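Biologist: Hey, can you walk me through this protein? I'd like to start with who touches whom on the inside.

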Amino acid sequence: MRRIAMATAALAVAGAGLAVVTGTAAAAPVDASLGCRLYFSDAGTGTSPTTWADTFTLSQSPASPAAGQTVTVTLAAVAGVTNGPVPLNAGDVPVRVTVALGGAQTGTVTLDQAAYPAAAKAAGVPLGPISATGTYTATAAGTVTLVVRQVAFANTTATTYCSASGDRDHKAAPVDTPVTASAVVTPGPSGSASPSASASASASPSASASASASASPSASASGTEAATPAETFGPASVTMKCKTLSTIRDWTATHTLTMSPANPGYGANVTVTYTFDNGGKNGPAPIAAGDLKPTATVKLSGAQSGTVKLTGPAYGSIAAQATVPGATLTGQFVASTPGVVTLTVADILFDHPQVDTECNKGSDPVTSPADTTIVARFTVKSTPATPSEVTGEALPKTGDGGILPVILLWGTALLLTGVGALVVLPRRARRRIVLE
């Protein structure tokens, strides 16, 4: 049986107005609204349409850059969103803003604030000011326009996405907001523009420890990144720890982690595939057909954060002391933000009705789990996904009975009242099947 833990910061959110420094003028605060939806586990098409109103200021430094200079962009909001009935820890809801560049230069800039809220917050209080920053390189002299494309409050289990006002799938199909700004870029010292007119997205602060934040390719002048090959993992041998009841032992197998499509536009439905060639040795009791099912959790970091649940078909009957066969596990997510996305296998669970075996790189895989070294990366382009990239059926939902619908309904009700929620369901008692 599996644990179910769903934490929601159900954010009643609305829009962002922007003003930008032109020449040496200071940015002016702007009041505006965005349409938003809530996405449980960063999946689906969103629920509970809401609006978030605040006072926003967009500034850049230097205020009037020359071609070739690195420009720091900062988006600030005065009040922030209001917390729900459960306290939040500092950093539970990172903020990510995607700004599109146009005019003399095209591409996108990603602004991040990892530590949001900045401190622990009690229930029912504003989460506090927002200050998200990112950088781009001014590459072409002339007027550069900035347009807010998307704002995300990236709680790993209940992310809120916002774009232009109105109700739609704000994660997979964001619409550029009518809030725009502009800045004049002067010629560089040579009097000409840099040969590479691209926007450079900042590295996400939520990248996992095993991910390389410097591996991000930059966007091209057309906003269609060069076709950088995806960095898949394996096939390669990896050893990790597995725990069954109180027994911990090594498990060595050949692992592969891939994704498809590997260089899509934003809004694409991406399939993650993870395989291993053996599942270790069964214990002294046979396993009935259909009783053992492999699952895995993959963490997303970099341009997008969250988790993806992978599942594989249930095994047939397995004799006592026999080697558990290998498996192919798959899961899907929507690549919602341009940039480099890192996939890290965090945990493998051999799920059984009575007892489970849990495997990862922790010294104790259950009480002190750690991400594995199975890591892959791919680039999401700053242009919309093609129709073929956004098609594809969602994987069947898994879970225990009617628990998930109840959570969704409760989360919806809370969101409509403009509050956040934290739901933690207790892990059911279970025995573990011995794989050795």
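Modeller: Sure. When I say contact, I mean heavy atoms within 4.5 Å. Keep in mind that this is a predicted model.

Biologist: Okay, so which residues is Leu 343 in contact with, leaving aside its neighbours within four places in sequence?

Modeller: Quite a list: among them are Leu 257, Met 259, Val 272, Val 298, Phe 333, Ile 374 and Phe 378. Lys 299 is in contact with Leu 343 too.

Biologist: And what about the largest nonpolar core, how many residues has it?

Modeller: It has 38 residues. Leu 343 is among those with the most contacts inside it, and so are Trp 251, Tyr 274, Phe 276 and Phe 333. Several strands each supply at least two residues of this core, including strand 11 (233–244), strand 14 (268–281) and strand 15 (293–302).

Biologist: What does a second, separate core include?

Modeller: That one has 33 residues, including Leu 34, Phe 56, Val 109 and Ala 132.

Biologist: Let's switch to rings. How many aromatic pairs are there?

Modeller: The count comes to six. Take Trp 251 and Phe 350: their ring centres are 5.6 Å apart and their planes sit at 75°, so the pair is edge-to-face. Trp 251 is in strand 12 (residues 247–260) and Phe 350 in strand 18 (residues 339–351), 99 residues apart.

Biologist: Why is Trp 251 called buried?

Modeller: Because its relative accessible area is 4%, and buried means under 20%. Phe 350 counts as buried as well, at 0%.

Biologist: Which residues form one aromatic cluster?

Modeller: Trp 251, Tyr 274, Phe 276 and Phe 350.

Biologist: Got another pair for me?

Modeller: Phe 333 and Phe 378 are edge-to-face, with 6.3 Å centre to centre and 65° between the planes. Phe 333 lies in strand 17 (residues 323–335) and Phe 378 in strand 20 (residues 375–384), so this pair ties together parts 45 residues apart in sequence. Both Phe 333 and Phe 378 are buried.

Biologist: New topic: how many disulfides?

Modeller: Two. One joins Cys 36 to Cys 162, S to S 2.2 Å. Cys 36 lies in strand 2 (residues 30–40) and Cys 162 in strand 9 (residues 158–163), so that link ties together parts 126 residues apart in sequence.

Biologist: And where does Cys 242 link to?

Modeller: To Cys 359, S to S 2.1 Å. The torsion about their S-S bond is about 110°, so the disulfide is right-handed.

Biologist: Are Cys 242 and Cys 359 buried or exposed?

Modeller: Both are buried.

Technical notes. Residues are numbered from 1 along each chain as its sequence is written. This is a predicted model: local features need pLDDT of at least 70, side-chain atom pairs count only at pLDDT 80 or more; totals for chains, interfaces and linings use all residues. Side-chain values use heavy atoms; hydrogens and water are left out. Rings of Phe, Tyr and Trp (its six-membered ring) pair if their centres lie within 6.5 Å; planes under 30 degrees apart count as stacked, over 60 as edge-to-face and the rest as tilted. Helices (H or I, at least four residues) and strands (E, at least two) are DSSP runs, numbered from the N terminus. Buried means under 20% relative accessible area, exposed over 50%, partly exposed in between (1.4 Å probe, protein chains only). A nonpolar core is a set of buried Ala, Val, Leu, Ile, Met, Phe, Trp, Tyr and Cys residues joined through side-chain atoms within 4.5 Å. A disulfide is a pair of cysteine sulfur atoms within 2.5 Å.
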